[in-house]
Amino acid sequence: MLDSEALLKVNRYDGAGYLAGYAVECTLKTLIYVETGGARGGHNLNRLSARALHLHSLATQKTASYVTNPGITALLYGSGGWRETLRYEPEGAVPQADSAAWVSEARRLHDEIIIPMKLDGVIP
């Protein structure tokens with residue numbers, strides 16, 4: 001999270017956006033891990049988000065109080081969105097506006113989900 005923000009400040013939009021996507025991925029996988037004891041699902045943010053939302057709806061949910069946005073994340077996976085293959089694309093693949101939005105989304109999720117989970121002792 002911090003590295004994506006640092007890269008955004010120095011106009012390194014590709015790196016900032018790439019790392020922001022991984023921060024979102026890790027947040028989703030944290031929700032899944034807390035509910036199931038294991039995180040699976042690859043890099044596809046759409047599938048990870050759907051899985052986290054499904055688990056959130058179960059009667060045994062442990063993450064209900066940490067998921068406040070009905071869609072969890074606005075960051076989408078695939079063409080036109082974030083994807084783990086961005087690291088192989090030429091410089092300039094991530095426009096400034098996308099990079100800034102992705103970093104903002106990663107920060108929002110970190111502040112709304114990860115920090116409270118840490119403060120509550122749910123995750124170390």
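**Notebook: pocket lining, helix packing and backbone torsions**

I classified the residues that line the largest pocket and obtained 3 nonpolar, 3 polar and 3 charged. The model I examined is a predicted one.

*Entry 1, the pocket.* I then looked up the volume of this largest pocket, which is about 160 Å³. I listed its lining as L7, N11, R12, Y13, D14, G15, E91, G92 and V94. I also asked which element gives the most to the lining. I found that α2 does, with 3 residues.

*Entry 2, the loop before α2.* N11, one of the lining residues, called for a check of its backbone. I located N11 in the loop between α1 (2–9) and α2. I recorded for N11 a positive phi of about 60 degrees, although the residue is not a glycine. I note for context that most residues other than glycine have a negative phi.

*Entry 3, a second positive phi.* I noted I72 as well, a residue other than glycine whose phi is positive and near 60 degrees. I placed I72 in the loop between α3 and α4 (96–119).

*Entry 4, α2 against α3.* I describe two packed helices by the angle between their axes and the distance between the axes. For helix α2 (residues 13–36) and helix α3 (residues 45–57), I read a crossing of roughly 30 degrees, with the axes coming within 9 Å. Angles under 35 degrees count as roughly parallel, and I therefore entered α2 and α3 as roughly parallel to each other. I recorded their crossing as left-handed. On the α2 side I listed G21, V24, E25, L28, K29, L31, I32, E35 and T36 as making the contact, and on the α3 side L45, L48, S49, R51, A52 and L55. I sorted the residues of this contact between α2 and α3 into 8 nonpolar, 3 polar and 4 charged.

*Entry 5, α1 against α4.* I next examined α1 and α4, which pack at an angle of about 150 degrees with their axes 10 Å apart. The cut-off for roughly antiparallel is over 145 degrees, so I entered α1 as roughly antiparallel to α4. I found the crossing of α1 and α4 to be left-handed. I asked which residues of α1 and α4 meet. I found L2, S4, E5 and L8 in α1, meeting S99, A100, V103 and R107 in α4. I counted 4 nonpolar, 2 polar and 2 charged residues in the contact of α1 with α4.

Notes
Residues numbered from 1 in each chain as written. Predicted model: local features only at pLDDT ≥ 70, side-chain atom pairs only at ≥ 80, totals over all residues. Heavy atoms only, no water. Axes fitted to C-alpha atoms, helices over the stretch in contact; angles between N-to-C directions. Helix = DSSP H or I, 4+ residues; strand = E, 2+ residues; numbered from the N terminus. Parallel < 35°, antiparallel > 145°, perpendicular 65-115°, else oblique. Left-handed = near helix turned anticlockwise from the far one by under 90°. Contact = heavy atoms within 4.5 Å. Nonpolar A, V, L, I, M, F, W, Y, C, P; charged D, E, K, R; others polar. 1 Å grid on protein atoms, 1.4 Å probe; cavity = no way out; pocket = protein on both sides within 12 Å on 5 of 7 lines; lining within 4 Å. Points joined across faces, edges and corners; volume = space filled by probe spheres on them.
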